[in-house]
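Student: I am new to this structure and would like a close look at a single part of it. Could you take me through that part slowly, following its surroundings step by step?

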Amino acid sequence: VGDSSTLQAEILHAVRDEMAANLCDVVFRRTDLGTGRIPKRTELKTCAKLMANELKWDRQMIEAEIESVGNTFRTVRAYRN
């Protein structure tokens, strides 16, 4: 996925075999996508689109899921400061 070390197959595995139901779950718990750095929006969008195909999300849901990940990163950053 983008410049990350996360494979698209890992995302599909998380959804299909580990019952990941939202983007935060995949980014923070099921893959290393959110480890060590904040993923680029394009990386989040790639991940969300893969999930959308599996979970039948529409565009609104994709955007809401990406926003949720962004909010989580902002919360963590505020907590650290």
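Tutor: Leaving aside the neighbours within four places in sequence, Ile-62 is in contact with Ala-48, Lys-49, Ala-52 and Trp-57. Please keep in mind throughout that this is a predicted model. Ile-62 itself is found in helix H4, which covers residues 59-80, and at 11% relative accessibility it counts as buried, since the cut-off for that word is under 20%. Another pair to look at is Ile-62 and Thr-46, which are 16 residues apart in sequence, while their C-alpha atoms lie 10.0 Å apart in space.

Thr-46 leads us to helix H3, which runs over residues 41-55. At 1.5 Å a residue, the 15 residues of H3 should span 21 Å, and the C-alpha atoms at its ends are 20 Å apart, which agrees with that expectation. The buried residues of H3 are Glu-43, Leu-44, Cys-47, Ala-48, Leu-50, Met-51 and Ala-52; Ala-48 and Ala-52 were also named among the contacts of Ile-62. Just after H3, Lys-56 takes a positive phi of about 60°.

Helix H1, residues 8-18, packs against H3 at an angle of about 40°, with the two axes 10 Å apart, and H1 and H3 are therefore oblique to each other. The crossing in which H1 passes H3 is right-handed. On the side of H1 the contact is made by Gln-8, Ile-11, Leu-12, Val-15 and Arg-16, and on the side of H3 by Thr-46, Cys-47, Leu-50, Met-51, Glu-54 and Leu-55. Sorted by character, the residues of this contact of H1 with H3 comprise 7 nonpolar, 2 polar and 2 charged.

Helix H2, residues 23-30, also packs with H3, here at an angle of about 115° and with the axes 10 Å apart. The crossing of H2 and H3 is right-handed. In this contact Leu-23, Val-26 and Val-27 of H2 meet Leu-44, Cys-47, Ala-48 and Met-51 of H3, and the residues of the contact of H2 with H3 divide into 7 nonpolar, no polar and no charged.

To bring the views together, Ala-48 touches Ile-62 and takes part in the meeting of H3 with H2, whereas Cys-47 and Met-51 belong to the contact with H1 and also to the one with H2.

Notes: Residues numbered from 1 in each chain as written. Predicted model: local features only at pLDDT ≥ 70, side-chain atom pairs only at ≥ 80, totals over all residues. Heavy atoms only, no water. Axes fitted to C-alpha atoms, helices over the stretch in contact; angles between N-to-C directions. Helix = DSSP H or I, 4+ residues; strand = E, 2+ residues; numbered from the N terminus. Parallel < 35°, antiparallel > 145°, perpendicular 65-115°, else oblique. Left-handed = near helix turned anticlockwise from the far one by under 90°. Contact = heavy atoms within 4.5 Å. Nonpolar A, V, L, I, M, F, W, Y, C, P; charged D, E, K, R; others polar. Expected span 1.5 Å × (residues − 1). Buried < 20%, exposed > 50% of the residue type's maximum accessible area, 1.4 Å probe, protein only.
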